[in-house]
Amino acid sequence: METDVLIIGAGPSGLTAALETASRGLDVTIVEESFSMGGQFIQQTQLLQSLPSSYQPMRGFELAGLLTKQVEDYSIRCLLGHRVIGFYKDGSVGISDEINVFPLKAKKIIVATGAAENALAFPKWTLPGVMTIGAVQTLINRDFVLPGKHAVILGSSDFAMDVALQLSELGVQIKGIIEKTPSLTARDAEKVEEVRKKGIPVYVNSSIKEARGIGKVEEIDIVHGEQILTVSVDVVCIDGGRSPILDVFYQLGCSFSYQKELGGWIPQYNKSLQTDREDVFLAGNAAGVSSQGVLLTTGMIAGVYVSESLGAISKQEADIETMSLWRELEIMETKLYPDAWKARMQHVENFEHPVLKDQFIS
């Protein structure tokens with residue numbers, strides 16, 4: 001099988017990259033491990049306000065449905081339930097549906113593999129009932145299952161605020177949000193205010209000392225200043241942040257550098273979102289963990305530059321379009337995560353003007 005553009009991952013950034021390339025007449029193939037498109041947006045019921053100007057504010061699952069519909073309107077080859085298992089010496093990509101393996105030859109590759117949640121360990125954290133906030137959201141919105149009746153949330157990002165509010169609306173008693181730093185890490189003031197109005201207790205400068213229970217979590221000890229507070233719960237939601245999924249980049253031999261504000265180790269890339277491999281671009285959380293609007297925009301930027309690299313549009317057209325997209329990205333990212341924007345610009349600068357010859361790890 002041959003294609004102009006192979007996109008690895010059918011999350012929001014992979015889909016916007018597919019739309020940008022397919023709309024310019026390129027042959028596009030998407031490879032996605034799951035059997036649906038849209039990534040984590042499928043589970044998100046919260047209203048997404050900060051999106052690129054080409055999209056109206058809407059809920060996550062609505063946006064996933066819209067992007068999927070738009071992709072289906074083009075002749076894009078969607079290999080759902082397939083995954084990349086390696087690369088052949090001639091550059092072909094090994095694709096598997098878990099039964100068969102076949103090579104796929106692509107002129108350009110856009111890697112949009114997303115991010116994975118990080119765990120926060122504490123004694124007895126493996127008891128049933130302790131789970132990540134992403135897992136909680138999946139249980140609620142995809143499986144229509146309440147994870148429990150009494151919960152605490154460890155961590156305080158905007159995502160944690162979303163989950164706390166949704167659990168509360170569904171009748172789950174939130175017995176506390178536990179944050180190790182002196183203040184909540186959520187940047188969306190409106191969400192924080194909603195949490196405050198619901199009377200959810202917030203414990204800053206705090207941590208979980210231990211969980212206890214027989215066969216499942218039944219109570220936890222919270223270290224709060226010099227106090228130890230014992231709280232009865234049947235759910236502990238862990239918000240440990242997210243890190244980019246990098247397996248494919250390792251296999252491709254890309255180089256990396258560390259940017260804490262963007263989720264840790266990320267591939268090196270320039271302003272075209274092109275890695276140090278000429279045929280490999282990236283998008284979404286793989287380019288640094290950020291907000292939903294930023295993820296969409298990176299997919300669009302990668303799609304435009306891949307189109308230009310394959311001669312589907314002129315360099316002048318690509319530069320004009322991406323200048324506008326980068327401006328939108330800056331506005332969206334600096335609104336909530338200004339440190340992430342600074343780190344992203346530093347990352348691009350380091351790629352284009354390396355200070356040290358061997359500052360990158362590959």
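**Exercise 1.** In which order do the strands of the open sheet of 3 strands lie, and is their pairing parallel or antiparallel?

*Solution.* In this predicted model, the strands of the open sheet follow the order β14-β15-β16, and their pairing is antiparallel. The next step is to find the edges, which are β14 and β16 (227-232), since each of these strands pairs on one side only. From one strand to the next, the twist averages 25°. Turning to a single pair, strand β15 (residues 219-224) is joined to β16 by 6 bridges in the antiparallel sense, and within this part of the sheet Ile222 stands opposite Leu229 of β16.

**Exercise 2.** Determine which strands pair with β1, and describe how the chain travels from β1 to β2.

*Solution.* Begin with strand β8 (residues 101-111), which pairs with β1 in the parallel sense over 6 bridges; here Thr3 is placed opposite Ala106 of β8. Continue with strand β2 (residues 28-32), which runs parallel to β1 and is joined to it by 4 bridges, with Leu6 standing opposite Thr29 in β2. Between β1 and β2 the chain passes through helix α1 (residues 12-22), and the resulting β-α-β crossover is right-handed.

**Exercise 3.** Why can strand β1 be described as largely enclosed by the rest of the structure?

*Solution.* The step that matters is the burial of its residues, for which the cut-off is a relative accessible area under 20%. Of the 7 residues of strand β1 (residues 2-8), 6 are buried, and therefore the strand is largely enclosed by the rest of the structure.

**Exercise 4.** Locate Phe144 and Asn205, give the phi value of each, and classify each by accessibility.

*Solution.* As background, most residues other than glycine have a negative phi. Phe144, which is not a glycine, nevertheless has a positive phi near 55°, and it is found in the loop between α3 (133-141) and β11 (150-154). Its relative accessibility is 69%, and because the cut-off for exposed is over 50%, Phe144 counts as exposed.

The second residue is treated in the same order of steps. Asn205 also is not a glycine, and its phi is positive at about 50°; it lies in the loop between β13 (202-203) and β14 (206-212). With a relative accessibility of 46%, Asn205 counts as partly exposed, the class between the cut-offs of 20% and 50%.

Technical notes
Residues numbered from 1 in each chain as written. Predicted model: local features only at pLDDT ≥ 70, side-chain atom pairs only at ≥ 80, totals over all residues. Heavy atoms only, no water. Buried < 20%, exposed > 50% of the residue type's maximum accessible area, 1.4 Å probe, protein only. Helix = DSSP H or I, 4+ residues; strand = E, 2+ residues; numbered from the N terminus. Pairing = 2+ DSSP bridges. Right-handed = clockwise from strand over helix to strand, strands pointing away. Axes fitted to C-alpha atoms, helices over the stretch in contact; angles between N-to-C directions.
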